[in-house]
Amino acid sequence: MAGEEENPNIYVKGRGAQLNPHNHFQKNDYVQEHVEGIDDWEVEQRKTSFIMGAAKTIVNKVDSPDVGMAYSLNPYQGCEHGCTYCYARNAHEYWGYSAGLDFERKIIVKQDAPALFKKFLEKKGWDASVISLSGNTDCYQPAERKFRLTRQLLEIALAYKQPIGIITKNALVLRDKDILQEMAKLNLCKVFVSINSLNEELRMKMEPRTTTAKQRLKIVEELSKAGIPMGVMVAPLVPGLSDHEVPKILKAIAENGAQWAGYTIVRLNGAIGPIFEDWLKKNYPDRADKVWHMIQSCHGGNVNDSRFGDRMRGDGNIAQMIRDTFKLHCRINKLNIYDATLTSHLFRIPGSQLGLF
């Protein structure tokens, strides 16, 4: 149930969030006041559960000018990767769950996503703009191994010649190299991998169920060699924890074939603030206050920031130093030399006589 607090004295291994904050859309809540009353307490299932969901639509228009996508498609809601900073946590409250542990343990599977995708592509007037998979949660999270929705979506995209962008941090994307390779031959896809640290100890704490940074570099290398355009999002950078790794990360991704790189600075909107603060104090008690204040310095004294133009990159001295370092090392490593616009004019509805144009 949303709002259930975990025992503060027990660290939940293999999970990012260590608590289940109250869903602010719900009026009622229940808590365990006396630990000795175990017979009266319903212990929550700690394993991941999959909830079959039925969506009305699957492609969403993105109004934010900061995220670099016009449309997004997310076959799953919630994400077992468990990244403590994930902005998608807040959206889990709309489904009646907590943004904390519920987000990692209660995964909504949009089983009708392929059918809805076809229906969307066949709408009159669709202009074949690029649609991004994982605009919210990772389309290659562990659930994909079982449900294979992302692969079905890519098969549809290839059949319709619909351009697709992907961002992921899971090596399962390599499973679909065959489809991505065919799409790349037609300039219909571009893949970004998310890497915010090469420090395995930090990765295991902050992104507990993701693949290692070494594996993510392998994704870049293998897909790049297969002719698939590759980029990396160095995101989100956490001042005082991972921002110093920018030069090393950019050098590594360039050596493995990445052509583009972008970055964001962590921002902790809504329920993510207390979740991340709790995680920070439990994992890095010696520098928790310093890191917290450095994050605040990047967002006008707050850890949450909703200002378009500033919220993803931050402002202030620390944000400027990160920006300058990033630009310098992109130049050194010959990243972002050119932009790659995916092809829309090949779009066609299978069985129809004419393409889009």
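This report covers the overall fold, one helix and one buried lysine.

**Whole protein.** The model is predicted. The protein holds 11 helices and 10 strands. Of its 357 residues, 55% count as buried. Among contacts with a separation of 6 or more, 78% join residues 24 or more positions apart. The exposed surface is about 16600 Å², and carbon and sulfur atoms supply 52% of that area.

**Helix α4.** This helix covers residues 149-160, which makes 12 residues. From first C-alpha to last, α4 reaches 17 Å, close to the expected 16 Å. Its buried residues include Leu149, Leu153, Leu154, Ile156, Ala157 and Tyr160. Thr150 and Arg151 of α4 are buried too. An α-helix has 3.6 residues a turn, so residues three or four places apart point the same way. Lys161 follows α4, with a positive phi near 60 degrees.

**Lys190.** This residue lies in strand β8, residues 189-194. Lys190 is buried, yet has no salt bridge. Why does Asp339 not count as a salt-bridge partner? The cut-off is 4 Å from a side-chain nitrogen to a carboxyl oxygen, and Asp339, the nearest side chain of opposite charge, is 4.1 Å away, so the pair does not qualify. The Lys190 side chain does reach the backbone oxygen of Ala340.

| Partner of Lys190 | Distance |
|---|---|
| Asp339, side chain | 4.1 Å |
| Ala340, backbone oxygen | 3.1 Å |

Both partners are also among the residues that Lys190 touches beyond four places in sequence. That list further holds Ile164, Gly165, Ile166, Pro229, Trp260 and Leu342.

Key:
Residues are numbered from 1 along each chain as its sequence is written. This is a predicted model: local features need pLDDT of at least 70, side-chain atom pairs count only at pLDDT 80 or more; totals for chains, interfaces and linings use all residues. Side-chain values use heavy atoms; hydrogens and water are left out. Helices (H or I, at least four residues) and strands (E, at least two) are DSSP runs, numbered from the N terminus. The expected span of a helix is 1.5 Å times one less than its number of residues. Buried means under 20% relative accessible area, exposed over 50%, partly exposed in between (1.4 Å probe, protein chains only). Contact means heavy atoms within 4.5 Å. Accessible areas come from the Shrake-Rupley method with a 1.4 Å probe; for residues, only the protein chains shown count as cover. Lys and Arg count as positive and Asp and Glu as negative; His and the chain ends are not counted. A polar contact is a pair of N or O atoms within 3.5 Å; within protein, one must be able to donate a hydrogen and the other to accept it, and residues adjacent in sequence count only if both atoms are side-chain atoms.
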